[in-house]
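Could you walk me through this structure in my viewer, one selection at a time? I am a first-year student, so please tell me what to select next and what is there.

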Amino acid sequence: MDVSRLGLAAAPLPSAVPAKRCPADAIGLVTACRVSWEQGGQLIALWGCDERDRDRGYAVNVVLQDDEGLMLVEHMLPTSDSTYPDLAGIFPAANRMQRATFDLLGIASEAEDQRPWVWQASWPIDQYPLRRDFEASPKWEPGQEEYPYIRVEGDGVHEIPVGPVHAGIIEPGHFRFQIVGEKVLRLEERLGFVHKGIEKRFEGMQAAEGHRLAGRVSGDSTVAYAWAYAQALEALAGVIPSPRATWLRALALERERVANHLGDLGYLGNDGGFAFGLAQFSRLKEIVLRRSRTAFGHRLLMDFVVPGGVARDLASGDAAAMREECTLLEREIRTLRAIYDEHDGLQDRFRNCGIVTKELAAKLGLTGFAGRASGGARDVRCDFPYAPYDVLGVNRSGAASGDVAARVAVRFDELLESLRLVRVIIDAMPDATAADDLRAPLPAPAIHRTALGYVEGWRGPVLVALECGPGGSIRRCHPHDPSWSNWPVLEHAVIGNIVPDFPLINKSFNLSYTGHDL
Amino acid sequence: MLQILRQIVKTGIKTEPAPAPADAAAGIERLQRDVLRTLGRALTIRQVDAGSCNGCELEIHALGNPYYNIEGLGIKFVASPRHADLLLVTGPVSKHMAIALRRTYDATPEPKLVVAVGDCGCNGGVFGESYASLGRVANVIPVDVEVPGCPPTPTELLQGILAAIKPRALPR
């Protein structure tokens with residue numbers, strides 16, 4: 001997006017993907033969003049920042065993505081009494097981000113919907129954790145708030161509340177179904193239950209240590225988060241990791257994708273009444289996790305990606321074992337895919353279930369593999385191939401029907417594509433040339449500049465915005481999960497479906513609660 | 001159908017012997033005997049995510065795969081605390097989950113066991129205690145056994161679960 005035509009001035013922003021930053025007044029912010037939307041752009045993230053210690057009031061940061069890259073639009077509010085324009089009319093996903101920004105920072109948008117989103121009465125409503133002068137009191141007891149759910153009324157309409165503690169081994173959240181018979185008229189989500197103060201925790205932490213916390217924003221995407229964090233910090237420190245280190249990161253990221261898709265394909269079979277699928281896919285996933293433990297010392301690859309590079313090298317024996325593992329997995333996955341495809345009962349559950357049309361996906365900003373299953377095409381690895389994807393070349397997956405079957409198909413395709421990438425990485429990975437090739441030393445990061453990390457995790461794009469302060473400490477870090485964009489879409493995907501199909505539809509997206517609640 | 005059966009036969013049985021509990025090297029038969037004696041026919045577990053990063057949940061899921069085959073040991077995950085003998089709780093306990101966790105604990109019939117899972121469940125982990133986090137599970141409900149690790153492996157989880165039921169399995 002060329003913002004100079006809008007009268008805005010953009011400057012390059014430190015990032016591994018093309019990114020710019022532009023300050024904007026209220027009109028500039030709205031115009032930038034509208035023009036981005038008209039040109040097919042998406043809202044990636046919105047968060048706030050307390051800048052009063054620098055006499056700048058508060059900052060509202062909005063990240064937009066279009067075909068050219070990321071644009072960080074920065075809008076300043078002189079005091080907490082001032083408001084900023086409601087962007088939800090342009091990008092519906094902004095609604096919850098705006099409400100969360102108020103809960104945490106006390107700056108409000110002009111939106112009509114001012115219900116709390118992250119706040120649940122566990123701290124006083126007039127205290128804002130992300131203000132720099134915030135002080136928590138041990139006297140604050142966990143509370144409960146009366147959240148104004150929207151009710152549907154009429155003959156035979158009733159309500160099913162579910163959660164926060166769910167029936168399975170799942171993260172906590174609350175779902176309020178309005179149903180008639182067994183048909184869902186409306187689903188309203190209430191999240192924030194696993195809000196554990198991650199953003200505040202980042203403040204003041206040494207930036208060189210922040211990857212451990214970043215890698216635990218959403219455990220199933222630990223590689224994606226640690227990598228996005230490392231990208232941002234490396235951009236501020238002026239470090240470019242060695243080719244071998246980036247290839248090893250990609251190996252870890254693709255293995256993370258393989259493990260998660262395998263796990264979910266098993267549960268999707270199970271939720272469709274086909275326990276055989278769970279037994280088979282969970283077996284394959286276990287093979288992958290055990291190999292990761294042998295090769296890298298951790299089943300989920302936590303703390304493998306570190307600022308400057310990676311924590312350890314891949315031994316040649318493990319590389320050979322991974323190659324064999326690829327052969328085994330590819331064979332098994334093809335067999336199981338044929339079984340899934342030919343199973344009438346399963347296909348009956350998958351097809352025409354939980355449909356998100358291409359139009360709806362575009363309007364609501366559905367992202368990640370779910371977006372690609374609804375006719376979308378964005379994949380950071382293809383659109384802005386950060387190293388080593390510029391060399392690797394990723395074949396984009398996609399489907400058009402937007403139902404559970406499409407999300408299953410895309411997961412199968414991405415699974416096989418990731419296994420292909422794993423092979424390429426193992427066979428063509430550059431050798432280490434210097435002693436510190438795996439982990440480059442990290443100079444002090446630039447202060448008072450925001451950098452962005454952007455990585456296509458298995459669920460979708462993971463963004464990390466990082467600003468450092470003096471002494472190598474973190475001034476502000478905002479990790480942003482693709483689930484922010486996709487949770488609202490789930491509410492639409494279930495409309496008109498039957499209640500028993502909800503677990504299946506939900507699992508087909510498998511969104512992160514912790515990555516969203518922070 | 002033939003293809004499904006062929007795949008099942010080809011896969012064979014992958015289940016491995018269960019590990020010894022964390023504190024002793026008792027054989028699996030003895031353990032199963034203990035489980036049966038204490039709990040009748042089976043141990044039922046209600047898992048509660050009280051604020052985790054979902055890493056622990058991934059490994060708890062893995063307990064159900066054919067390699068660990070937790071159901072083969074007579075241990076089953078159930079949908080309601082009212083059906084549970086043991087709560088398997090991951091942390092840190094977010095303030096927003098504290099009330100739900102206490103209610104889940106209260107709804108679990110006696111004698112109830114609690115296993116706190118993961119570094120966060122044991123000591124708050126990387127999240128610690130803050131305006132939003134109450135830290136370790138023991139800060140909110142009584143805990144019988146703690147299983148550290150980030151996340152603990154399925155084997156460590158199984159050892160922790162078996163360690164929790166062992167004292168109760170002694171002759172009374």
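Start in chain A by selecting strands β14(A) and β15(A), the second of which covers residues 474-480: the two run antiparallel and are joined by 6 bridges. Keep in mind as you look around that this is a predicted model.

**Stop 1: the turn and a bridge pair**

Now colour the stretch that links these two strands. β14(A) and β15(A) form a hairpin with 5 residues between them. Click on G471(A) in that turn, which has a positive phi of about 70°. Next, pick out L463(A) and look across to β15(A), where H480(A) is its bridge partner.

**Stop 2: the other neighbour**

Add strand β13(A), residues 450-456, to your selection. This strand also runs antiparallel to β14(A), and 7 bridges join the two. A hairpin of 4 residues connects β13(A) to β14(A). For a sample pair, select L452(A) and find A465(A), its bridge partner in β14(A).

**Stop 3: both faces of one strand**

Show the side chains of β14(A), residues 461-468. How many of its 8 residues are buried? The count is 8 of 8, so to speak a full house. In a regular strand, side chains alternate between the two faces of the sheet. On one side of β14(A) you will find P461(A), L463(A), A465(A) and E467(A), and on the other V462(A), V464(A), L466(A) and C468(A), all of them buried.

**Stop 4: zoom in on L463(A)**

Centre the view on L463(A), which lies in strand β14 of chain A. Why does L463(A) count as buried? Because L463(A) has 26 C-beta neighbours inside 10 Å, and 20 or more are enough for that label. Leaving out residues up to four places away in sequence, L463(A) touches I44(A), A45(A), V63(A), A228(A), L452(A), Y454(A) and H480(A). For a sense of scale, draw a line from the C-alpha of L463(A) to that of R249(A): they are 16 Å apart in space and 214 residues apart in sequence.

**Stop 5: a first helix pair**

R249(A) belongs to our next selection, where it is one of the contact residues of α6(A). Select helix α5(A), residues 222-237, and helix α6(A), residues 243-271: they pack at an angle of about 145°, and their axes are 8 Å apart. From α5(A), V223(A), A224(A) and W227(A) take part, meeting R249(A), A252(A), L253(A) and E256(A) of α6(A). This contact has 5 nonpolar, no polar and 2 charged residues.

**Stop 6: another helix pair**

Move on to helix α7(A), residues 275-296, and helix α8(A), residues 316-342. Their axes cross at roughly 170° and come within 11 Å. α7(A) and α8(A) are therefore roughly antiparallel to each other. Among the residues making the contact are F281(A) and L284(A) of α7(A), along with M322(A) and L329(A) of α8(A). By class, 9 nonpolar, 3 polar and 4 charged residues make up this contact.

**Stop 7: the nonpolar core**

Which residues have the most contacts inside the largest nonpolar core? Select A228(A), A232(A), V464(A), L466(A) and V115(B) to see them; the core has 212 residues. Then centre on V115(B): beyond its neighbours within four places in sequence, its contacts are L86(B), L88(B), D144(B), V145(B), V147(B), G160(B), I161(B) and A164(B).

**Stop 8: where the chains meet**

Finally, show chains A and B together. Their contact takes 44 residues from chain A and 41 from chain B. On the chain B side, the elements giving two or more residues are α1 (2-11), β1 (43-49), α3 (55-62) and α4 (95-107). The largest share of that side, 7 residues, comes from α4(B). Colour the chain B side by class and you will see 20 nonpolar, 17 polar and 4 charged residues.

Technical notes. Residues numbered from 1 in each chain as written. Chains lettered and ligands numbered in written order. Predicted model: local features only at pLDDT ≥ 70, side-chain atom pairs only at ≥ 80, totals over all residues. Contact = placed C-beta atoms within 7 Å. Nonpolar A, V, L, I, M, F, W, Y, C, P; charged D, E, K, R; others polar. Buried ≥ 20, exposed ≤ 12 C-beta atoms within 10 Å, placed from the backbone. Pairing = 2+ DSSP bridges. Axes fitted to C-alpha atoms, helices over the stretch in contact; angles between N-to-C directions. Parallel < 35°, antiparallel > 145°, perpendicular 65-115°, else oblique. Core = buried A, V, L, I, M, F, W, Y, C linked by C-beta atoms within 7 Å.
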